[in-house]
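Let's walk through this model together, beginning with its cysteines and ending at its pocket. Keep the structure open as you read.

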Amino acid sequence: MSLARLLTRLIDRLYIAPLHRFIPLQTFRYAFCGGANLLLNWVLYAVLYNFVLDKEIVHLGFVAISPYIAAFIIVFPITFLTGFWFLKNIAFLYSPLRRGTQLFRYLLSVLGSVLLNYLFLKFFVEVVHIYPTPSQAITSLITIAYSYLMQKHFTFRGCRER
């Protein structure tokens, strides 16, 4: 049995009866995969920032990069690919689009999420004058909704549920 099939079975077992009424299976799988990828992102970032980079500036000879940005740059491609793998093989398994098309569209949607995150955070903190932590929470909710809609209707368009 493949890893994707094993994970799908595990996730589907967590999809208990009360959830059936409120959340479609595909949405539940999407949320689970997104949460797992977010957790992976946090763990990798913390390990890289605190232990590998040791909170030190990274000198590349032609540019110096702050440790928190360097950790982001290192972690981003990893969680980008794991996020795509999760969605392609678990949440949106039955999309008729070619893998290359999906990957390119996924890149566009992720870049859109990064841009939205930046713009809304600046807006809520600097224009509306909400504290950064609640601003990030509000921004995350908006970005999650955008991301789900993009994945369902753009990246993996035409995906049918089982």
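A residue counts as buried when its relative accessible area is under 20%. Keep that cut-off in mind as we look at the cysteines of this predicted model.

Take C159 to begin with: its relative accessibility is 18%, so C159 falls on the buried side of the cut-off. C33 is buried as well, with a relative accessible area of 1%.

How many disulfides does the model have? The count is zero. For a disulfide, two cysteine sulfur atoms have to lie within 2.5 Å. C33 takes part in none, and the nearest cysteine sulfur to its own, that of C159, is 12 Å away. Seen from the other end, the closest cysteine sulfur to that of C159 is the one in C33, and 12 Å is too far, so no bond joins them.

Now let's turn to the largest pocket. Its volume is about 1,300 Å³. Which elements give two or more residues to its lining? They are α3 (25-52), α4 (67-91), α5 (99-127) and α6 (132-155). Among these helices, α3 contributes the most, with eleven residues.

In total, 33 residues line the largest pocket. If you would like to find its centre on screen, look for L38, N41, S113, N117 and T143, the lining residues that lie nearest to it.

What is the chemical character of this lining, by class? There are 19 nonpolar residues and 14 polar ones, while charged residues are absent from the lining of the largest pocket.

Conventions: Residues numbered from 1 in each chain as written. Predicted model: local features only at pLDDT ≥ 70, side-chain atom pairs only at ≥ 80, totals over all residues. Heavy atoms only, no water. Buried < 20%, exposed > 50% of the residue type's maximum accessible area, 1.4 Å probe, protein only. 1 Å grid on protein atoms, 1.4 Å probe; cavity = no way out; pocket = protein on both sides within 12 Å on 5 of 7 lines; lining within 4 Å. Points joined across faces, edges and corners; volume = space filled by probe spheres on them. Helix = DSSP H or I, 4+ residues; strand = E, 2+ residues; numbered from the N terminus. Nonpolar A, V, L, I, M, F, W, Y, C, P; charged D, E, K, R; others polar.
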